[in-house]
Amino acid sequence: MTWAIDLDGVVWLGESPVRGSAAAIARLRSSGTRVVFVTNNSAHVVTEVVRKLHNMDIGASDDDIITSAQAAATLVQPGETALVCAGKGVDEALQRRGVKTVRSGRVDAVVVGWHREFDYDGLTAAVRAVNNGARLIGTNADATYPTLTGPLPGGGALLAAVSYASGVEPEVAGKPNKAMVQLVRERFGAIEVVVGDRAETDGTLAHRLGAKFALVLSGVTEEAHLPVVPEPAAIAADLAALV
């Protein structure tokens, strides 16, 4: 049995672990369940994600993690050039795919993902590249990003700025879209349970993978937001209460 668990809002909030998440993952693994992690956060390189898990006493390797940056990279062909309006995780995923990454100029694709360095110059470069014929790809369309102090604008908010200014609809790679579904199937095989804090992404991904969806209320979704669609098979305050 394999469980695919989201990270932001489920395992941690910003730099702080969600209470009991490490112990819950340990209980799952001790029962023989394989635990993998599927995140729409494209900002970080995979080794940074692994290190953050280890710092929270959660063992993991690069092979246990899929990010929306990796899903977006599958939409760009080796040998092409991409303008990166995103964090280091997107650069890493594209370069491993054999794609040249730049920050301005004429390119084959523009890839937009969540990053704190987003500014007017970056927005202008991305919009001009799209207006010059580049494909517009978003790592994900999440409107917000959960933190201990409340939600921040997410990758979808940055993508919306580029899309609106250029007048071009993006192709979105991350949960719950086709590129992510295919990548999860290729890397992890059959998934029995998807755990997440957002029904429209984690829940729809579960549906498309033929898995059960377990919703936790430690991230974006709160009890006041219920009911949600798709309907979860289980709802819990956090991962510890679910397992």
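This is a walk through a predicted model, stop by stop, from its sheet to its cores and salt bridges.

**Stop one: the sheet**

Start by selecting strands 6, 7, 8, 9 and 12. Together these five strands make an open sheet, ordered 7-6-8-9-12, with parallel pairing. Look at the two edges: strand 7 (100–102) and strand 12 each pair on one side only.

Now go across pair by pair. Strand 6 and strand 7 are joined in the parallel sense over three bridges; show Leu83 and you'll find its bridge partner in strand 7, Val102. Move over to strand 8 and strand 9 (residues 135–138), a parallel pair with four bridges. Here Val110 stands opposite Leu136 of strand 9. Finish at strand 12 (residues 171–172), which pairs with strand 9 in the parallel sense over two bridges. Pick Ile137 and its bridge partner in strand 12 turns out to be Glu171.

**Stop two: the helices around it**

Keep the sheet on screen and add helix 5 (residues 120–131). Strand 8, helix 5 and strand 9 make up a right-handed β-α-β unit.

Next, bring in helix 4. It lies across strands 6, 7 and 8, and runs at about 165° to strand 6. Then add helix 6 (residues 155–166), which lies across strand 8, strand 9 and strand 12, at about 160° to strand 9.

**Stop three: the cores**

Switch to side chains. The largest nonpolar core has 37 residues, and Leu94, Val111, Val184, Ile191, Val194 and Leu209 are those with the most contacts inside it. Elements that each supply at least two residues include strand 4 (34–39), helix 4 (88–96), strand 8 (109–112) and helix 8 (199–209). Which helix gives the most to this core? Select helix 7: it provides six residues.

Zoom in on Ile191. Leaving out residues up to four places away in sequence, Ile191 touches Thr2, Ala4, Val184, Leu209, Gly210 and Ala211. When you're done there, pull back and pick out a second, separate core of 26 residues, with Leu7, Leu28, Met56 and Leu242 among them.

**Stop four: the salt bridges**

Searching the whole structure turns up ten salt bridges. Try these.

Asp238 and Arg19 come first on this route: their side chains meet with an N to O distance of 2.8 Å. Asp238 sits in the loop between strand 15 (234–236) and helix 9 (239–242), and Arg19 in the loop between strand 3 (16–17) and helix 1 (21–30), so the pair ties together parts 219 residues apart in sequence. Is each partner buried or exposed? Asp238 is buried at 7% relative accessible area, whereas Arg19, at 62%, counts as exposed.

Return to strand 9 for Arg135, whose side chain meets that of Glu80 in a salt bridge (3.0 Å, N to O). Because Glu80 lies in the loop between helix 3 and strand 6, this pair ties strand 9 to a part 55 residues away in sequence. Arg135 is partly exposed, with a relative accessible area of 34%, while Glu80 is buried at 17%.

Now select Asp142 and Arg198, a salt bridge whose closest N and O atoms are 3.4 Å apart. Asp142 is in the loop between strand 9 and strand 10 (144–145), and Arg198 in the loop between strand 13 (193–196) and helix 8, 56 residues apart. Both Asp142 and Arg198 are buried.

Last pick: Asp6, Lys175 and Asp202, joined into one network by salt bridges that share partners.

Conventions
Residues numbered from 1 in each chain as written. Predicted model: local features only at pLDDT ≥ 70, side-chain atom pairs only at ≥ 80, totals over all residues. Heavy atoms only, no water. Core = buried A, V, L, I, M, F, W, Y, C linked by side-chain atoms within 4.5 Å. Buried < 20%, exposed > 50% of the residue type's maximum accessible area, 1.4 Å probe, protein only. Contact = heavy atoms within 4.5 Å. Pairing = 2+ DSSP bridges. Right-handed = clockwise from strand over helix to strand, strands pointing away. Axes fitted to C-alpha atoms, helices over the stretch in contact; angles between N-to-C directions. Salt bridge = Lys/Arg side-chain N within 4 Å of Asp/Glu carboxyl O.
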